[in-house]
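Please look at the sequence and the structure below before reading on. The paragraphs that follow go through two parts of the structure in turn.

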Amino acid sequence: MTLSGFDQCEVCNAEQWRMIYEGTVRDGFHGSFCDGAAVARCGQCGVDRLAEEICPDEQFYETDAYRQKLGQGLTTGAYFATADELQRFAIEAIGHGTLRDKTIADVGCAGGSFLDHVTGIARRKLAIEPSVIYQDSLRKRGYTVFPYSLDAKPKFGGEVDYAVSLQVIEHVRNPRKFLADIKPLLAPGGRLLISTPNRRDILMDLLPDEFPSFFYRVVHRWYFDIDALADCAERAGFTVENARTIHRYGLSNALGWLRDRRPSGHTRLHGIEPPADRLWRGYLEDNDRADCIFMMLKVS
Ligand SMILES: [Zn+2]
């Protein structure tokens with residue numbers, strides 16, 4: 001069935017959209033919203049997408065205005081202020097001891113925080129990033145810079161032991177093509193780690209009136225759960241090696257949302273100590289309800 005505002009699914013080519021959300025969505029930081037947005041689910045592959053009419057076009061990703069919308073800062077220093085503390089989750093998802101002497105590519109690396117965290121262990125480091133505002137700094141730190149995966153293919157095709165792409169696939173024009181373009185870079189036995197927000201985040205159920213307008217946002221075209229991301233990866237020629245959700249916030253964040261109906265980030269509520277965070281995180285991750293999906297892929 002066709003749905004007004006939704007064309008053929010970029011992931012699976014079907015036209016079986018079903019509306020799942022209509023209303024306001026986040027436009028940049030919390031507190032700035034865009035009205036009249038729509039999110040629909042593909043009846044064949046299960047991906048959710050924002051109606052294309054309010055999504056920024058692809059050239060926008062290379063601009064300062066886009067980075068400002070993401071809240072990532074217009075300098076590499078400003079980017080580090082938010083990005084550095086998140087890298088431990090990617091390291092955790094990779095596991096230990098696997099990156100030594102390897103060739104690593106970070107696809108959509110922004111200011112290169114992940115690469116900084118594996119410097120000293122990895123042998124060669126590719127920084128794949130279309131935004132020019134970061135490229136000088138990436139080169140100065142010794143990374144080999146390419147705008148897109150296909151640009152790296154002539155020199156590094158079949159050479160990459162580990163590719164990562166953290167919180168990028170939700171932005172791109174075609175997520176299946178995005179993954180398929182990374183595939184030729186991988187060495188035999190190579191792996192690709194993908195992370196993206198989890199649309200089964202428990203706050204979607206706990207705050208059905210407030211959280212969706214925060215979770216859905218203008219700069220995120222695509223919304224996945226584990227099954228939908230696995231389907232997309234398989235259509236791009238990958239096999240899922242493992243998939244899990246990881247929760248990056250403490251219990252105080254959820255309680256703050258429930259009490260104040262707005263985000264409080266990592267602010268700790270008085271009386272909610274780390275043991276409570278560990279229980280909360282364990283519960284969410286055991287049930288795939290944590291805020292972020294991490295999926296390890298290998299070439300089929
Ligand atoms: Zn589809």
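**A metal site and a helix**

Cys9 is buried, and Cys12 is buried as well. The model is a predicted one, and these two cysteines can serve as the starting point for reading it. Both take part in a metal site: the zinc ion is coordinated by the SG atoms of Cys9, Cys12, Cys42 and Cys45, at 2.3 Å. Along the chain, the donors of the zinc ion follow the spacing C-x2-C-x29-C-x2-C.

How are the 4 donor atoms arranged around the zinc ion? The angles they subtend run from 96 to 116 degrees, and the arrangement is therefore tetrahedral. For four donors to count as tetrahedral, all angles must lie between 85 and 135 degrees.

The second part is helix H12, which covers residues 274–286. With 13 residues at 1.5 Å a residue, H12 should span 18 Å. The C-alpha atoms at its ends are 18 Å apart, so the expected span and the model agree.

Which residues of H12 are buried? They are Asp277, Trp280, Leu284 and Glu285. Because these residues cover an arc of only 125 degrees around the axis, they lie on the same side of H12. On the other side of H12, the residues Arg278, Leu279 and Asp286 are exposed.

The buried residues of H12 are covered by other elements, including helix H8 (203–206), strand E10 (238–246) and helix H11 (251–260). Just after H12 comes Asp288, which takes a positive phi of about 55 degrees.

Key: Residues numbered from 1 in each chain as written. Predicted model: local features only at pLDDT ≥ 70, side-chain atom pairs only at ≥ 80, totals over all residues. Heavy atoms only, no water. Donors = N, O, S within 2.8 Å, 3.2 Å for Na, K, Ca; no water. Tetrahedral: all angles 85-135°; square planar, octahedral: opposite > 155°, others 65-115°. Buried < 20%, exposed > 50% of the residue type's maximum accessible area, 1.4 Å probe, protein only. Helix = DSSP H or I, 4+ residues; strand = E, 2+ residues; numbered from the N terminus. Expected span 1.5 Å × (residues − 1). Arc of directions from axis to C-beta. Contact = heavy atoms within 4.5 Å.
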